[in-house]
Amino acid sequence: MTCGPASTCRRWLPALALLLSLAACQRDAAVDSASASAPDMGPAAEENGAVSVAPIPPAAPAPKPAVESSNPREASVDWSPASLTSGEAWISCDLDYDAHGDGDPLLALDRESLESALAGCVERGVLRLRYRGRVATDFAALVERTTRVANDLGIRKRVLDLDSAGGMVEDAIRAGDFIAESRWTIWVREESICHSACVFLLSAGDVRRIAGHVGIHRLIRMSSTATTRAELNAELRVVHGRVRDYLERNGSSVDVADLMMAVPNRSLRMLSADELLRFGLDGVNPAQDDLDRLRLQRECGQDFVSRRDAFARAFDRKCREHESELDQLNACGLALRRDFGFPDAECPAESPLSEFDLAQAEPEPADPTPEASGPPLGGAYVDGQGAAVMPTPQPPSG
């Protein structure tokens with residue numbers, strides 16, 4: 001650097017020193033930030049996971065949202081021979097699982113077997129499908145076929161009682177989109193789990209009742225041909241986009257998809273009760289609630305809608321915060337709804353918890369403001385080893 005008279009140089013020297021000092025501070029800050037310790041993710045664990053195997057198309061300049069082009073209920077169902085190999089299923093016409101168990105085993109997925117299994121539920125108009133196992137193609141077929149037969153028999157109230165450690169992303173999305181158009185309530189009762197890809201099913205339900213444990217982790221690409229981290233991340237971005245689109249159209253927060261990507265696929269991040277509510281995975285589905293509000297205003301009147309909203313707020317405040325088991329949660333709601341005039345004389349089938357009126361299986365009423373019976377679900381990273389009840393899925397052959 002050159003300058004003129006000595007007095008001019010003296011005027012520039014303090015400014016130059018200040019600039020050099022600021023640059024040094026920025027370098028020190030960058031080093032400190034890079035050396036910050038990462039959060040403890042917990043020990044590795046074997047999990048069924050959220051596995052994606054669908055082909056990844058060539059990169060497009062502007063990918064479009066994955067919006068369904070047609071209503072899943074209007075598409076034809078494939079009734080070709082199929083068996084349930086990824087888990088076990090039971091059919092019950094009673095909602096009181098504590099007294100009556102899971103129901104009768106469902107051994108086949110053909111129409112005749114399903115019609116026979118559901119025939120006893122016609123009079124009450126309610127069924128409970130208990131499923132324990134992986135989310136895979138046969139599970140999606142189970143949901144679609146059971147829904148179609150229930151529609152044909154006039155069984156309008158359906159409960160999907162889940163216990164699953166996850167499975168295939170694409171099959172979970174396929175089943176979820178069908179559930180979203182078919183008016184299912186989803187339960188994860190105490191001592192049951194809903195991990196990884198199973199979480200996508202929660203997004204689809206009209207109402208979700210959760211007393212068990214819900215956990216997430218990173219998506220897994222089993223069919224990837226990637227050889228570098230950049231190539232694998234490019235594939236995962238496509239799958240991640242599909243998951244975000246799915247969550248968005250079914251009323252859940254896309255933050256779930258982002259959080260999944262931050263958890264190693266051999267760890268498990270348990271979602272707390274507050275997070276389940278914040279992400280739109282527990283309680284009444286907000287997307288369905290908007291549709292129902294418009295319809296119920298026409299069919300049942302504004303007073304019905306106002307009482308229904310007031311009941312929902314009271315249920316969250318007086319029942320959800322104090323009950324740890326699903327049957328207790330249901331009993332609390334059944335006792336509480338009487339204060340709001342439900343079941344409604346004009347619209348009984350649209351009243352909260354109306355499936356219990358149809359099933360005639362009302363639990364003993366509980367005090368709507370009991371003391372908390374157990375600690376809330378934690379939000380820490382945990383070892384999922386004990387939660388995995390099925391073997392790690394293998395990529396399909398061929």
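This is a short talk on the strands and the largest pocket of one protein model.

Okay, hi everyone. Before anything else, keep in mind that what you have on screen is a predicted model.

Let's begin with the main sheet. Seven strands, or to use the numbering, 3-2-4-5-7-9-13 in that order, form an open sheet, and the pairing in it is mixed. Which strands stand at the edges? Those are strand 3, residues 104–105, and strand 13, residues 283–284. Each has a single partner strand, so one side of each is left without a neighbour in the sheet.

Now step inward from strand 3. Strand 2 covers residues 87–92, and it pairs with strand 3 in the antiparallel sense over 2 bridges. If you want a spot to look at, find Trp-90: its bridge partner in strand 3 is Pro-105. On to strand 4, residues 126–133, which runs antiparallel to strand 2, with 6 bridges joining the two. Here you can look for Ser-92, which stands opposite Arg-128 in strand 4.

So is strand 2 largely enclosed or not? Well, 5 of its 6 residues are buried, so strand 2 is largely enclosed by the rest of the structure. For anyone who wants the cut-off, buried here means under 20% relative accessible area.

There is some other pairing to show you. Strand 8, residues 193–195, and strand 10, residues 213–216, pair in the parallel sense over 3 bridges. In that pairing, Cys-194 stands opposite Val-214 of strand 10. Strand 10 also pairs with strand 12, residues 268–270, this time in the antiparallel sense and over 2 bridges. There, Gly-215 is across from Met-270 in strand 12.

Right, on to the pocket. The largest pocket holds about 960 Å³ of space. Its lining is made up of 42 residues, and the ones nearest its centre are Arg-183, Asp-206, Val-207, Asp-292 and Arg-308. Which elements give two or more residues to that lining? From the strands we get strand 5 (157–163), strand 7 (184–188), strand 9 (207–210) and strand 13, and from the helices, helix 10 (286–299), helix 11 (302–320) and helix 13 (354–359). Helix 11 gives the most, with 8 residues.

And what sort of residues are they? The lining divides into 20 charged, 15 nonpolar and 7 polar residues.

One last thing to spot on screen: strand 13, which we met at an edge of the sheet, turns up again among the elements lining the pocket. That's it from me, thanks.

Conventions: Residues numbered from 1 in each chain as written. Predicted model: local features only at pLDDT ≥ 70, side-chain atom pairs only at ≥ 80, totals over all residues. Heavy atoms only, no water. Pairing = 2+ DSSP bridges. Helix = DSSP H or I, 4+ residues; strand = E, 2+ residues; numbered from the N terminus. 1 Å grid on protein atoms, 1.4 Å probe; cavity = no way out; pocket = protein on both sides within 12 Å on 5 of 7 lines; lining within 4 Å. Points joined across faces, edges and corners; volume = space filled by probe spheres on them. Nonpolar A, V, L, I, M, F, W, Y, C, P; charged D, E, K, R; others polar. Buried < 20%, exposed > 50% of the residue type's maximum accessible area, 1.4 Å probe, protein only.
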